[in-house]
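Hi,

Here is the structure I promised to pass on. Have a look at it first, and then read my notes underneath.

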Amino acid sequence: MDSSRQILVCQYANCLRNGSAAVLTAFQSASVPGAMVIGCGCQGQCNMGATVRILPDDSWYCRVKAGDVGAIVEQHLKQGKPVAALLHPRFHPHV
Ligand code: FES
């Protein structure tokens with residue numbers, strides 16, 4: 001497990017309207033060892049919120065709902081396999 005991993009969850013206007021506060025809470029509740037959960041400002045992908053970005057992987061997830069957090073935690077953060085169906089196509093066009 002990379003101890004410097006950061007999970008950025010946008011807490012700005014459009015993402016909040018799309019449930020990003022609940023997404024942030026779900027990541028915090030999951031308390032993944034070695035990962036820091038951070039509520040952040042706009043990531044410039046407002047029409048695709050809620051936006052979640054994972055560093056240093058630089059994986060971008062879009063339209064994330066609280067119900068998606070379990071899959072991201074289990075598959076990406078614990079098993080190292082990004083959840084392809086939720087990746088932002090602008091940054092991950094070939095998955
Ligand atoms: S409001 Fe979340 S990316 Fe802009």
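Below is what I found in it, from the overall fold down to single residues.

First, some housekeeping. This is a predicted model, so to speak of a local feature I need pLDDT of at least 70, and side-chain atom pairs count only at pLDDT 80 or more, while totals for chains, interfaces and linings use all residues. Residues are numbered from 1 along each chain as its sequence is written.

The overall picture: the protein chain has three helices and four strands, in the order β-α-α-β-β-β-α from the N terminus. Helices (H or I, at least four residues) and strands (E, at least two) are DSSP runs, numbered from the N terminus. The radius of gyration (over C-alpha atoms) is 12 Å, close to the 12 Å from the globule rule for 95 residues, so the chain is as compact as a globular protein of that length; the rule is 2.2 Å times the number of residues to the power 0.38. The C-alpha trace spans about 30 × 30 × 20 Å along its principal axes.

Now the inside. Of the 95 residues, 33% are buried, meaning that 20 or more other C-beta atoms lie within 10 Å of a residue's own (exposed is 12 or fewer, partly exposed is in between, and C-beta atoms are placed from the backbone). The largest nonpolar core has 22 residues, and Ile7, Val9, Val23, Phe27, Val52, Tyr61 and Val64 have the most contacts inside it. At least two core residues come from each of β1 (5–10), α2 (20–30), β2 (35–40), β4 (59–61) and α3 (69–78). By nonpolar core I mean buried Ala, Val, Leu, Ile, Met, Phe, Trp, Tyr and Cys residues joined through C-beta atoms within 7 Å.

Ile7 is a good place to start clicking: leaving out residues up to four places away in sequence, Ile7 touches Phe27, Ala35, Met36, Val37, Ile38, Val52 and Ile54. A contact here is two C-beta atoms, placed from the backbone, within 7 Å.

Then look at α3. Its buried residues are Val69, Ile72, Val73, His76 and Leu77. Seen down the axis, they fall within an arc of 115° (taken from the directions from the helix axis to the C-beta atoms), so they line one face of the helix. They pack against α2, β2, β3 (52–55) and β4.

Just after α3 comes Gly80, with a positive phi of about 75°. Is Gly80 buried or exposed? It is exposed, because just 10 other C-beta atoms lie within 10 Å.

Cheers
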